[in-house]
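Biologist: Can you walk me through this one? I'd like to start with what sits in the middle.

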Amino acid sequence: MGFLSNQIFRQSLSAAGKSSSSSFDVPKGCVAVYVGEAEKKRFVVPISYLNQPSFQDLLSLAEEEFGFYHPMGGLTIPCGEDTFNDVISSLNR
């Protein structure tokens, strides 16, 4: 993924200490997700990704791990940042 694409998708390096107002920073047509196993990082991705099979696999992980409870207050995906970046990179091709 190029530098510009990375800037679009990575909204914040750390979700720790963020106020709930950060949810208002999501552009129309996008959704914020929190990714990571220990430390969560916030990414903003287009809603269209939610229909992609590889992204749905990540959503299945989230469902298994959290059900309807997401401790970050937003969609939390329990996978490593590298795995998430690989999935996003494949969707950008």
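**The core and its surroundings**

Modeller: This is a predicted model. Its largest nonpolar core has 13 residues, and those with the most contacts inside it are Val-33, Val-35, Phe-55, Leu-58, Ile-77 and Phe-84.

Biologist: Which elements give two or more residues to this core?

Modeller: Those are strand 2 (30–35), strand 3, helix 2 (53–66) and helix 3. Helix 3 provides the largest share, 4 residues. As a general point, nonpolar side chains in soluble globular proteins tend to be buried together.

Biologist: What is Phe-84 in contact with, leaving aside its neighbours within four places in sequence?

Modeller: Phe-84 touches Val-33, Val-35, Phe-43, Val-45, Phe-55, Leu-58, Ile-77 and Cys-79.

Biologist: Now the rings. How many aromatic pairs does the structure hold?

Modeller: There are 3 aromatic pairs. One of them joins Phe-43 and Phe-84, with 4.9 Å centre to centre and 50° between the planes, a tilted pair. Phe-43 is in strand 3 (residues 41–46) and Phe-84 is in helix 3 (residues 81–91), 41 residues apart, and the pair links these distant parts of the chain.

Biologist: Are Phe-43 and Phe-84 buried or exposed?

Modeller: Both Phe-43 and Phe-84 are buried. Another pair is Tyr-49 with Phe-55: the ring centres are 6.4 Å apart and the planes are at 55°, so this pair is tilted too. Tyr-49 and Phe-55 are both buried. Ring pairs link Phe-43, Tyr-49, Phe-55 and Phe-84 into a cluster.

Biologist: Switching to charges, how many salt bridges does the structure hold?

Modeller: It holds 1 salt bridge. Glu-81 pairs with Lys-41, and their closest N and O atoms are 2.9 Å apart. Glu-81 belongs to helix 3 and Lys-41 to strand 3, 40 residues apart, so to speak only of position, the bridge links distant parts of the chain.

Biologist: Back to helix 2. Which of its residues are buried?

Modeller: The buried residues of helix 2 are Phe-55, Leu-58, Ala-62 and Phe-66. Seen down the helix axis, they fall within an arc of 55°, so they line one face of helix 2.

Biologist: Why would residues a few places apart point the same way?

Modeller: An α-helix has 3.6 residues a turn, so residues three or four places apart point the same way.

Biologist: What do the buried residues of helix 2 pack against, and which residues are exposed on the other side?

Modeller: They pack against strand 2, strand 3, strand 4 (75–77) and helix 3. On the other side of helix 2, Pro-53, Asp-57, Glu-63 and Glu-64 are exposed.

Definitions and conventions:
Residues are numbered from 1 along each chain as its sequence is written. This is a predicted model: local features need pLDDT of at least 70, side-chain atom pairs count only at pLDDT 80 or more; totals for chains, interfaces and linings use all residues. Side-chain values use heavy atoms; hydrogens and water are left out. Rings of Phe, Tyr and Trp (its six-membered ring) pair if their centres lie within 6.5 Å; planes under 30 degrees apart count as stacked, over 60 as edge-to-face and the rest as tilted. Buried means under 20% relative accessible area, exposed over 50%, partly exposed in between (1.4 Å probe, protein chains only). A nonpolar core is a set of buried Ala, Val, Leu, Ile, Met, Phe, Trp, Tyr and Cys residues joined through side-chain atoms within 4.5 Å. Contact means heavy atoms within 4.5 Å. A salt bridge is a side-chain nitrogen of Lys or Arg within 4 Å of a carboxyl oxygen of Asp or Glu. The arc is that of the directions from the helix axis to the C-beta atoms.
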